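Q: Please take a close look at a single part of this model. I should like a connected account of its surroundings, followed outward through the elements that form them.

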Amino acid sequence: MVQPYREVHAKRFKTSLDYLISKSILKDNISILNLGGASVFKSMILERFNVTFSETTTDLRYDIPDDNEYDLILCMEVIEHIKDKDTSDIGELGRFCGTGVKNLIKESRRLLKDGGFFFLTTPHLFCYKTLYNWLVKKKSLMTWDKHPRELPPQYINWLLSKHFKEVSEKYFNCWGDHNLPEGFYNHMKDVLSEYDLSNRTEDNVFFLCR
């Protein structure tokens, strides 16, 4: 199971590794915490750097039982799997509140050394793969419909800005174009440029049938 996973994610792993190295973040003699348990990325790091590497094993919706501080915390393809905390609050049961994700970010800041780095990657909710799934495959508006929820970049940036002084975002093509049909990008550009904007100011539609 590990090998196919590594092959599917190989481009993302390499891009992540190169990015962290280019920013002089990944280097020898630092402490790293990987959120979400065992990862193939760990072996890729240890092959090149002499670091202390730790991993979480608990439910990341709740406080992490760890009082150490780390130079680098990795949150790679994790938050799209994080559901809300369990609750009996009727006001929270019927909607997504982000309580689990918010606590994960808060705990990450607590475990990070001053001057340390928090590295987060997650599928881009508004990429062409999402449009393809929605229009062609009739699936939910996500890159992969088995995720509990994929979050908009703007929302993630807003959450991070509450805990970190500096937040930057950068977009990469890490999935090999998602195996989309040839010409889909250009076709979608044409469709979107000619998109009918009528009936866009109204926010509800009524149907009367007899």
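**The largest pocket and its surroundings**

A: Helix 1 (2–22), strand 4 and helix 6 each contribute at least two residues to the lining of the largest pocket. The model is a predicted one, and the pocket holds about 1400 Å³ of space. Its lining comprises 46 residues, and those nearest the centre are F119, L120, S168, E169 and K170. Sorted by class, the lining contains 23 nonpolar, 13 polar and ten charged residues.

Among the contributors, strand 4 gives the most, namely ten residues. This strand spans residues 112–121 and is also one of the elements against which the buried residues of helix 4 pack, together with strand 3 (70–76) and helix 6. Strand 4 and helix 6 thus appear both in the pocket lining and in the packing around helix 4.

Helix 4 itself covers residues 99–110, twelve in number. From its first C-alpha to its last it reaches 17 Å, close to the 16 Å expected at 1.5 Å a residue. Its buried residues are G100, V101, N103, L104, I105, E107 and S108; E107 is thus buried.

Helix 6 (residues 153–161) carries an aromatic pair, Y155 and W158, which lie three residues apart, about one turn of the helix. An α-helix has 3.6 residues a turn, so residues three or four places apart point the same way. The ring centres of Y155 and W158 are 5.9 Å apart and their planes meet at 35 degrees, so the pair is tilted. Planes under 30 degrees apart would count as stacked. Both partners are partly exposed: Y155 has a relative accessible area of 24%, and W158 one of 45%.

This pair is one of seven aromatic pairs found in the whole structure. Aromatic contacts also involve F119, one of the residues nearest the pocket centre, which forms a single aromatic cluster with Y19 and F172.

Helix 1, the remaining contributor named above, is followed by a loop that leads to strand 1 (31–34) and contains S24. S24 has a positive phi of about 60 degrees, although it is not a glycine. N29 is found in the loop between helix 1 and strand 1 as well, and it too is a non-glycine residue with a positive phi, here of about 65 degrees. N29 is exposed, with a relative accessible area of 65%.

Notes. Residues are numbered from 1 along each chain as its sequence is written. This is a predicted model: local features need pLDDT of at least 70, side-chain atom pairs count only at pLDDT 80 or more; totals for chains, interfaces and linings use all residues. Side-chain values use heavy atoms; hydrogens and water are left out. Rings of Phe, Tyr and Trp (its six-membered ring) pair if their centres lie within 6.5 Å; planes under 30 degrees apart count as stacked, over 60 as edge-to-face and the rest as tilted. Helices (H or I, at least four residues) and strands (E, at least two) are DSSP runs, numbered from the N terminus. Buried means under 20% relative accessible area, exposed over 50%, partly exposed in between (1.4 Å probe, protein chains only). The expected span of a helix is 1.5 Å times one less than its number of residues. Contact means heavy atoms within 4.5 Å. On a 1 Å grid over the protein atoms alone, a cavity is a set of points where a 1.4 Å probe fits but cannot get out, and a pocket is an open set with protein on both sides within 12 Å along at least five of seven lines; lining residues have an atom within 4 Å of a point. Grid points are joined across faces, edges and corners, and a volume is the space filled by probe spheres set on the points. Ala, Val, Leu, Ile, Met, Phe, Trp, Tyr, Cys and Pro count as nonpolar, Asp, Glu, Lys and Arg as charged, and the others, Gly among them, as polar.
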